[in-house]
Amino acid sequence: MSVLLFVSQLLNGLLDGVYYLLIALGLSLIFSLGGIVNLAHGAFFAIGAYLALVLTPYLGFFGALIVAPLLVGTLGALVERLLFKRFYRIDPLYSLLLTFGLSMMIEQSLRWYFGSAPHAYSIPDALRGQFFLGDFVYSRYRTFLICVALMMVALVWVLLNKTAFGRIVKAGVQNPDILGTLGISLRPYLTSVSAIAIGIAGLAGVMLAPIQPVHPLMGAEVGTAAFVVVVIGGLGSFWGVVIAALLVGIVKGFMIAIGFSQYSMLAIYLLMFLVLLIRPRGLMGERITRFE
């Protein structure tokens, strides 16, 4: 294998890591703030992909890229208000069962309405083709995906670290009792965080639709990898999840580049095992006080 092809496969693995990151950040935020183990997060990713199919004929790809995440985020806010809020004060096992059932319901609803067969979704004409850097060739659309995903991660970081909203959310993650004594209710922030986290999962679904078959179970495949990223990175750590996602993507891309693509997911699970063996909280995990 040539060096350029090897680098190209590593970049494809990095792309996988970047969209795992979009989903894993939302998972980590929702659990850290509300104690909800959201097994339905991948299903919202799938909803985003199917919305891209529905909206693109009317709005075009770039219109769907904006509108679909907003719709998925609105759905996330409704789910938080109607379902999640009932499970904040009880054992997380119950929220796990709730979101598992919600995931199954969404998957079956997508299968019922759209069918079980995979749907193809074309790359928009404006993003077709490749970049040429000397002898190195890489997809224009994949480059666009990496740039948009990194921009979203940067926006989330700014929101959490440079705004009053972010300071309250971080305080709620670390010690919600202090906020209670100050008369600050976490309820609206829980709704906002759920909307943002689930909306970003919908964005990832829209972006991945042109390069992966759109089918009802696609969320389960991505959701599993995103949970691995959260576990490796550590709950409550923004940069831990970022580092873990990029590490997972590079490991996956490396396995494919050396000709062992069938073992790429096994390598990710082995990485998780090794990290937890050395550091049970994950790479940068913090002690979290659960929301009461």
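**Burial, bridges and a bent helix**

Visitor: What makes E80 count as buried?
Guide: Its relative accessibility in this predicted model is 0%. Buried means under 20%, so E80 counts as buried.

Visitor: Which residue does E80 bridge to, and why is that contact called a salt bridge?
Guide: The partner is R81, and the closest N and O atoms are 3.5 Å apart. The cut-off is 4 Å between a Lys or Arg side-chain nitrogen and an Asp or Glu carboxyl oxygen. At 3.5 Å, the pair therefore passes that limit.

Visitor: Is R81 buried or partly exposed?
Guide: R81 is partly exposed, at 32% relative accessible area. The partly exposed class runs between 20% and 50%, so 32% belongs there.

Visitor: How many salt bridges does the structure hold?
Guide: Three. One of them joins K252 and D16, with closest N and O atoms 3.3 Å apart.

Visitor: What does the K252 and D16 pair tie together?
Guide: K252 lies in helix α9 (residues 238-257) and D16 in helix α1 (residues 3-34). The pair therefore links parts that are 236 residues apart in sequence. Both K252 and D16 are buried.

Visitor: How do you know that D125 and R128 form a salt bridge?
Guide: Their side chains meet at 3.0 Å, N to O. The limit is 4 Å, so the contact counts.

Visitor: Why is D125 called exposed, and R128 partly exposed?
Guide: D125 has a relative accessible area of 66%. Exposed means over 50%, so D125 qualifies. R128 stands at 45%, so R128 falls in the partly exposed class, between 20% and 50%.

Visitor: What about D91, and where does D91 lie?
Guide: D91 sits in the loop between α2 (41-82) and α3 (92-114). D91 has a relative accessible area of 44%, so D91 is partly exposed. D91 and I36 are 55 residues apart in sequence and 9.3 Å apart in space, C-alpha to C-alpha.

Visitor: How do you know that α2 is not straight?
Guide: Compare its ends. α2 has 42 residues, and a straight helix would reach 62 Å at 1.5 Å a residue. The end C-alpha atoms of α2 are only 16 Å apart. There is also a kink of about 125° in α2, centred on L59.

Visitor: How does the span of helix α8 compare with its expected value?
Guide: The 16 residues of α8 (residues 218-233) should span 22 Å. The end C-alpha atoms are 23 Å apart, which agrees. Buried residues of α8 include V222, A225, V229 and I232. G234 follows α8, with a positive phi near 105°.

Visitor: Which residues make the nonpolar surface patch?
Guide: W239, I243, L247, L283 and M284, over about 420 Å². I243 is found in helix α9. Patch residues need over 30% relative accessible area, and I243 has 42%, so I243 passes.

Visitor: Why is the W112 and Y113 pair called tilted?
Guide: The structure holds eleven aromatic pairs. W112 and Y113 form one, at 6.1 Å centre to centre and 55° between the planes. Pairing requires centres within 6.5 Å. Stacked means under 30 degrees and edge-to-face over 60, so 55° is tilted. Both W112 and Y113 are exposed.

Visitor: Which residues form the aromatic cluster?
Guide: F61, F62, Y121, Y141 and F144.

Conventions
Residues numbered from 1 in each chain as written. Predicted model: local features only at pLDDT ≥ 70, side-chain atom pairs only at ≥ 80, totals over all residues. Heavy atoms only, no water. Helix = DSSP H or I, 4+ residues; strand = E, 2+ residues; numbered from the N terminus. Buried < 20%, exposed > 50% of the residue type's maximum accessible area, 1.4 Å probe, protein only. Patch = residues over 30% accessible without salt bridge, like charges linked within 9 Å, V, L, I, M, F, W, Y side chains within 5 Å. Areas by Shrake-Rupley, 256 points an atom, 1.4 Å probe, with all protein chains shown as cover. Expected span 1.5 Å × (residues − 1). Bend = angle between axes of the 7 residues up to and from the residue. Phe/Tyr/Trp six-rings, centres within 6.5 Å; stacked < 30°, edge-to-face > 60°.
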